[in-house]
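Biologist: Could you take me through this model and tell me where each label comes from? I would like to hear the reasoning behind the words.

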Amino acid sequence: MNEMIKNAVELKDGKAVTTSLKIAEVFGKDHANVLKAIRNIEAPVDFAAVNFNGGSYKDANNQDRPMYFVTRD
């Protein structure tokens, strides 16, 4: 298995999750496009609230940037 894919999942609060950053990296996509796709997902609010949790990361300039934690579901 590709090492990048193997490291794409982590445990957060006892759940297996990945991030929008890892999704962009693994699939060779621009992170801005992954964020846009997540925001545009048509799903019930209760499903989205549990499976797409907002977060942030520090970019190369040490500025906070948006990202999502995404569950397997």
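Biologist: Let me start with Val34, which lies in helix α3. Why is Val34 called buried?

Modeller: This is a predicted model, and in it Val34 has a relative accessible area of 9%. Buried means under 20%, so Val34 with its 9% is buried.

Biologist: Which residues does Val34 touch, leaving out those up to four places away in sequence?

Modeller: Val34 touches Ser20, Ile23, Ala24 and Lys29. Take Ser20: Val34 and Ser20 are 14 residues apart in sequence, and their C-alpha atoms are 6.4 Å apart in space.

Biologist: Good, then on to Ser20, which has its place in helix α2. What makes Ser20 count as buried?

Modeller: Its relative accessibility is 0%. With the cut-off for buried set at under 20%, Ser20 therefore counts as buried. Setting aside neighbours within four places in sequence, Ser20 is in contact with His31, Val34, Leu35, Ile38, Met67 and Tyr68.

Biologist: Now the two helices themselves. Why is α2 called oblique to α3?

Modeller: The axes of α2 (residues 20–27) and α3 cross at roughly 120 degrees and come within 9 Å. That angle makes α2 oblique to α3, because 65 to 115 degrees counts as roughly perpendicular and over 145 as roughly antiparallel, and roughly 120 degrees belongs to neither. The crossing in which α2 passes α3 is right-handed.

Biologist: Which residues meet there?

Modeller: From α2 come Ser20, Leu21, Ile23 and Ala24, and from α3 come His31, Val34, Leu35 and Ile38. Sorted by class, this contact of α2 with α3 has six nonpolar residues, two polar ones and no charged ones.

Biologist: How confident is the prediction in these parts, on average and by element?

Modeller: The protein has an average pLDDT of 90, and 92% of the residues score at least 70. Among the elements, helix α3 (residues 31–39) has the highest mean pLDDT, 96, and helix α1 (residues 3–6) the lowest, 67. Where pLDDT is low, the predicted coordinates should not be read in detail.

Biologist: Thanks, that helps. What makes the phi of Asp13 worth a remark?

Modeller: Most residues other than glycine have a negative phi. Asp13 is not a glycine, yet has a positive phi of about 55 degrees. Asp13 lies in the loop between β1 (10–12) and β2 (15–19).

Biologist: And how do you know whether Asp13 is buried or exposed?

Modeller: Exposed means over 50%, and Asp13 has a relative accessible area of 76%, so Asp13 is exposed. As for distance, the C-alpha atoms of Asp13 and Glu25 are separated by 23 Å, although these residues are twelve apart along the chain.

Biologist: What about the phi of Asn62?

Modeller: Asn62 also is a residue other than glycine with a positive phi, near 60 degrees. Asn62 lies in the loop between β3 (52–58) and β4 (64–71). Its relative accessibility is 56%, and with the cut-off for exposed at over 50%, Asn62 therefore counts as exposed.

Biologist: One last label, then. Why is Ile41 called partly exposed?

Modeller: Ile41 has a relative accessible area of 41%. Since buried stops under 20% and exposed begins over 50%, Ile41 with 41% lies in between and is therefore partly exposed. The place of Ile41 is in the loop between α3 and α4 (45–51), and Ile41 and Ala8, 33 residues apart in sequence, are 21 Å apart in space from C-alpha to C-alpha.

Key:
Residues are numbered from 1 along each chain as its sequence is written. This is a predicted model: local features need pLDDT of at least 70, side-chain atom pairs count only at pLDDT 80 or more; totals for chains, interfaces and linings use all residues. Side-chain values use heavy atoms; hydrogens and water are left out. pLDDT is the predictor's confidence in each residue, from 0 to 100. Helices (H or I, at least four residues) and strands (E, at least two) are DSSP runs, numbered from the N terminus. Axes are lines fitted to C-alpha atoms, for helices over the stretch in contact, and angles run from 0 to 180 degrees between N-to-C directions. Angles under 35 degrees count as roughly parallel, over 145 as roughly antiparallel, 65 to 115 as roughly perpendicular and the rest as oblique. A crossing is left-handed if the near helix is turned anticlockwise from the far one by less than a right angle, and right-handed if clockwise. Contact means heavy atoms within 4.5 Å. Ala, Val, Leu, Ile, Met, Phe, Trp, Tyr, Cys and Pro count as nonpolar, Asp, Glu, Lys and Arg as charged, and the others, Gly among them, as polar. Buried means under 20% relative accessible area, exposed over 50%, partly exposed in between (1.4 Å probe, protein chains only).
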